[in-house]
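Q: Please take a close look at a single part of this model, one strand and whatever it pairs with and carries, and describe it in one connected account.

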Amino acid sequence: MIIVMKPRATEKSIERVVKKIEKTGMRVHVSKGTERTIIGAIGDERLLQQQQLRSTEGVEKVMSVLKPYRLASREFHPENTIIDVGGVKIGGKKLVVMAGPCSVENRKQIITTAKLVKKTGVEILRGGAFKPRTSPYDFQGLGEDGLKLLAEARKLTGLKIVTEVMETEDVALVARYADILQIGARNMQNFKLLKAVGKIDKPILLKRGMSATLKEFLMSAEYIMSEGNHKVILCERGIRTFVEYTRNTLDLNIVPAIKKLSHLPVIVDPSHGTGEYEFVIPMSKAAIACGADGLMIEVHPNPEEAASDGDQSLIPKRFENLMREIKPIAKAVKRDM
Ligand code: PEP
Ligand code: MN
């Protein structure tokens, strides 16, 4: 249930509404916007006397949330959420680019890549230390050694780090090193893992499952948020369709659809979305044009020798081109870079 307060409702009246909700045992979430405060009540709505709330001083209206996702819905939080990652803001006017190799392979590879992407204006370094691979015989990642290398790259460049966590048991470990924890497409509905990252105080990059509907995607965000962690960044990374000329089908329709239904920031990953380096620049431009808050791009100093996803990784020169070529698109849609 949502309680919309009047534009000039006092702190005291807000407090009174919160107390009334708490008394029923429902959970309360207060969202203070620039215009007005919106109070969310989560739990069994039958416990609340809507009429009593409606007549409380400062209350403008009381509404039931019709969507199954509540905390993630725009009804609950009409303004865009901006997530602050140690000073880097995701979801604001400025676009954010996350770039780096698919996997952290060795010191030289990750440090070289970090320095290269930093020079082009990137603020967040990506790199997997725990890799979800289709084959058990493929490179599975360096584990904690990979996380240590990422931390070293951060120290040298000042870049923030985003890296995947695959298991509930590793959440604390990954959270010690990462600035943003990534939940991969294959784990989008690993509800135990979602609940575990919902209990920490670090931003989460939630990738869309390869066959997830928009509703399922937002429900997974809701899992994280319902545990108390509201810092969720959504990431479209392509879905499975009948199309066979690309690895996945980048579903850019979902960007405006998410913006309509949710307040959470959206990042687009055209590397996994297409699977081919040649398509990464055009789809990056398209992503920005349709309202994405940023990009996640795989970059490798020598893609031919990459331990994973070489086909879709950009060489540094091409990545420089990407950063230059998206600027006029950003300007056209009134975003800063
Ligand atoms: C990745 O980011 O390297 C990755 C494995 O992504 P996804 O979960 O989208 O496949
Ligand atoms: Mn990858």
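**Strand S14 and its surroundings**

A: In this predicted model, the residue of S14 that forms the bridge partner of Met 98 is Met 296. That bridge belongs to the pairing of S14 with strand S7 (residues 96-100), which runs in the parallel sense over 5 bridges. Strand S13 (residues 266-268) is also parallel to S14, and 2 bridges join these strands; here Ile 267 stands opposite Gly 294 of S14.

The burial of the strand can be followed residue by residue. Gly 294, Met 296 and Glu 298 point one way from S14, whereas Leu 295 and Ile 297 point the other way, and all are buried. Because 5 of the 5 residues of S14 are buried, the strand is largely enclosed by the rest of the structure. For Glu 298 the relative accessibility is 0%, and the residue therefore counts as buried, the cut-off being under 20%.

Glu 298 also leads from the strand to the metal site. The manganese ion (ligand 2) is coordinated by Glu 298 through OE, together with Cys 102 (SG), His 272 (NE2) and Asp 309 (OD), at 2.0 to 2.3 Å. Along the chain, the donors of this manganese ion follow the spacing C-x169-H-x25-E-x10-D. Within that set, the pair of His 272 and Glu 298 links distant parts of the chain, since His 272 lies in helix H9 (residues 270-274) and Glu 298 in strand S14 (residues 294-298), 26 residues apart. His 272 has a relative accessibility of 8%, so this residue, too, counts as buried under the 20% cut-off.

Both of these metal-coordinating residues have a further partner in ligand 1. An oxygen atom of ligand 1 is 3.2 Å from an N or O atom in the side chain of His 272, and an oxygen atom of ligand 1 is 3.3 Å from an N or O atom in the side chain of Glu 298. For Lys 131, the corresponding distance between a side-chain N or O atom and an oxygen atom of ligand 1 is 2.9 Å. There are 13 residues around ligand 1, and of these Arg 126, Ala 185, Arg 186, Lys 207 and Arg 237 come nearest.

Taken from the strand outwards, then, S14 pairs in the parallel sense with S7 and with S13, while Glu 298 coordinates the manganese ion (ligand 2) and has a side-chain N or O atom 3.3 Å from an oxygen atom of ligand 1.

Conventions: Residues numbered from 1 in each chain as written. Chains lettered and ligands numbered in written order. Predicted model: local features only at pLDDT ≥ 70, side-chain atom pairs only at ≥ 80, totals over all residues. Heavy atoms only, no water. Donors = N, O, S within 2.8 Å, 3.2 Å for Na, K, Ca; no water. Helix = DSSP H or I, 4+ residues; strand = E, 2+ residues; numbered from the N terminus. Buried < 20%, exposed > 50% of the residue type's maximum accessible area, 1.4 Å probe, protein only. Pairing = 2+ DSSP bridges. Near = heavy atom within 4 Å. Polar contact = N/O pair within 3.5 Å; in protein donor to acceptor, adjacent residues only side chain to side chain.
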